[in-house]
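Work through the exercises below with the structure open beside you. Try each task before reading its solution.

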There are 2 protein chains.
Amino acid sequence: MEIKVNTQEFEKVLNQVVSIIPARSPMPILEHFLLSIKDNMLSVYATDMQIALQTSIPVISAQETSIAVPARLLHDTIKSLTDTDIKISTDKDQKIKVTTDTGVFKISYLEAADFPHLPAFQEIYNFTISTERLKKAFDTANSAVSKEEARISMTGVLMELKTDELRFVATDAHRLVKLSYLDIQNTIEKKIIIPGRAVQVVSKMLTDSDVRVSFNDSQIRLEQGSIVFVSRLIEDQYPNYESVIPLENDNILETSKEELSSVLKRISLFTSTQTKQVKFSITKDILSLSAENIDLGSEANEKILCDYQGTPMDIAFNSTYVSEVIRIIGTDRVIFKLNNPTRACLLEPNIQEENENLLVLIMPMRLNT
Amino acid sequence: MEIKVNTQEFEKVLNQVVSIIPARSPMPILEHFLLSIKDNMLSVYATDMQIALQTSIPVISAQETSIAVPARLLHDTIKSLTDTDIKISTDKDQKIKVTTDTGVFKISYLEAADFPHLPAFQEIYNFTISTERLKKAFDTANSAVSKEEARISMTGVLMELKTDELRFVATDAHRLVKLSYLDIQNTIEKKIIIPGRAVQVVSKMLTDSDVRVSFNDSQIRLEQGSIVFVSRLIEDQYPNYESVIPLENDNILETSKEELSSVLKRISLFTSTQTKQVKFSITKDILSLSAENIDLGSEANEKILCDYQGTPMDIAFNSTYVSEVIRIIGTDRVIFKLNNPTRACLLEPNIQEENENLLVLIMPMRLNT
């Protein structure tokens, strides 16, 4: 093997794939990149056995090769070089050799034959979606994904294909996010659960243009340009989330998202360390937020203007959760739909995006009196 | 107590003093600011019993008060507010009350009488130095301060007043830094050892103009504008560092500092994890750096141009140490003065700044053959 590459182009590819490499793996070979040359393309592949990523750049080479190279050392070496053309070759002593104008860097490689792959992928369905919409759905849902492994299905994002919409749902039992694209029709109805980690990793990777999404019962595959990303699915039943979404929340509060975020940031400094409780006291024109930390003897109260149609109400939330869900709302003003202080509260943007429906649910806390 | 302050001005003061607050202290009162009002000045004071900082801003108040307020909560609260005027007052229930246009924030305070202070300070000598020169001396010396508590004097910076110079020295036994200002005369000869932490903290705090430095046998005090910084000294004997500095290093290597740094960054990826050894192979025109990690089977070699007057030599260094000491040199080209591969090596800028002498010493390692 002997190829020439530009350090900046190669670094860009390695930057993407290195995000898949596990920090420490019981299988050391997973801390390697699989570098393959075929048909004048150099492809870089990595997997942690749950997710896998491959991307490639054109090179000139008559040979075909495949070797496993220590990922971080190769990445760090290429990163440390300035923008220049380098030669990459293999040595007879089973080393990959990076040659620059002034230096030579050698790294032992392993045989490609030992490199594990995810099971072969056979798609049962595919569709195409813009990167912008897929990223929005993934980032929105990801903010409500559960960190607790107890219910494995809730550590993933539900992607629900319906004949008249494409829907993304996530919940950790404290909050729930549902985003529907109403102009995406599907010829099948299908629910799949994508692991939270896969959603996080791939969202950072996608750049522009469209993404081709395909899946079968055990894997999902995303393709964009030279990037191919595959993840195993969570093969489990997703909770019946629709039964949780209240339909009769007639008390409607509208306020500035920016101001509410800013007030919450201050008030949350004064919440109890255990409960993080912030109390919303809602009247016709004034939303008053307050918190108290009895251990420290500190307390805070702040008021913002609002429009409220409904019964005056005191309702309490975990300040971290409410700060996080407000961030999901894209509009300047946010709407809270309330029932009573013990029932689920809905949050929505004051204006839905065209062909889109975003709904956020947050559970209140029992009010400290 | 009732005063009006601007959030941005108050935040600036708190930002400085909060750096003194210990992360967690067995004496909870040390996690407080001492706020005092006297003669229309609001002063903020903190100490960890080793170092202490006070700074102040003008306010309008007929009263005199002194209270101890939880430092981080007050700092975070003021930081979270936008640029506005606020009222700070005390409540009858022993709380400090921050009032904005829309909110009220209350924090329990402690009595000032319980607040500990460093021993009273009586100066025996003082001098004035520009911030630029003091910062340079502190930052330069700080890079060689020992992290090991075994020899307590080496965890500090030696400040040595001579009749014809002011000198700063630090060493961790692997390297030594000595910076002399040759145009600062003193009427006394005196050595004091300033703790490394004091040097780090105060260097970030000083802004422009001059600094008044005063000391006695147990404390040093730095004053600039409204900032007063005090630190206990390390009352111990400093090692006889002068006997370590070689006088007969006649092999002279000169090379580009920038290129050498950049090569070291790459080569250090390939050093042994334990020894960090990088080998310098020096000939008349070429400095060749190499490293090998036998466990990983990786190795690297890179060459840069140099001017060398002396016996061709292979000499080895810890790559981290040599990268760090090179950073101290301010000029584009760095000079290495060598004796032989087992003796201390000196580094200097190729041109000394006017009225200044900078010398860096680094110990070589035993060469792996």
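Three exercises on this predicted model follow.

**Exercise 1. Domains**

Task: State how chain A is divided into domains, and describe the contact of domain 2 with domain 3.

Solution. Step 1: chain A has domain 1 at 2–114, domain 2 at 125–243 and domain 3 at 246–362. Step 2: the centres of domain 2 and domain 3 of chain A, taken over C-alpha atoms, are 27 Å apart. Step 3: domain 2 of chain A gives 12 residues to the contact, and domain 3 of chain A gives 13 residues. Step 4: on the side of domain 2 of chain A that touches domain 3, strand β13 (residues 175–181) supplies the largest share, seven residues. Step 5: sorted by class, that side of domain 2 of chain A holds five nonpolar, four polar and three charged residues.

**Exercise 2. Two copies**

Task: Find the operation that superposes chain A on chain B.

Solution. Step 1: two copies of a chain are related by a rotation about an axis and a shift along it. Step 2: here the rotation is 180° and the shift along the axis 0.0 Å, with an RMSD of 0.0 Å. Step 3: this is the relation of a two-fold axis. Step 4: of the residues of chain A, A:A23 comes closest to the rotation axis, at 15 Å (C-alpha). Step 5: 100% of the interface residues of chain A are also interface residues in chain B, so the copies meet through the same surface.

**Exercise 3. A helix**

Task: Which residues of helix α4 (residues 196–205) of chain A are buried, and what covers the buried residues of α4(A)?

Solution. Step 1: the buried residues of α4 of chain A are A:G196, A:A198, A:V199 and A:V202. Step 2: seen down the axis of α4(A), its buried residues fall within an arc of 155°, so they line one face of the helix. Step 3: the cover over the buried residues of α4(A) includes β4 (51–58), α3 (131–142) and β11 (156–161) of chain A.

Methods:
Residues numbered from 1 in each chain as written. Chains lettered and ligands numbered in written order. Predicted model: local features only at pLDDT ≥ 70, side-chain atom pairs only at ≥ 80, totals over all residues. Domains from an automatic or database assignment. Contact = placed C-beta atoms within 7 Å. Helix = DSSP H or I, 4+ residues; strand = E, 2+ residues; numbered from the N terminus. Nonpolar A, V, L, I, M, F, W, Y, C, P; charged D, E, K, R; others polar. Least-squares fit on C-alpha atoms with pLDDT ≥ 70 in both. Buried ≥ 20, exposed ≤ 12 C-beta atoms within 10 Å, placed from the backbone. Arc of directions from axis to C-beta.
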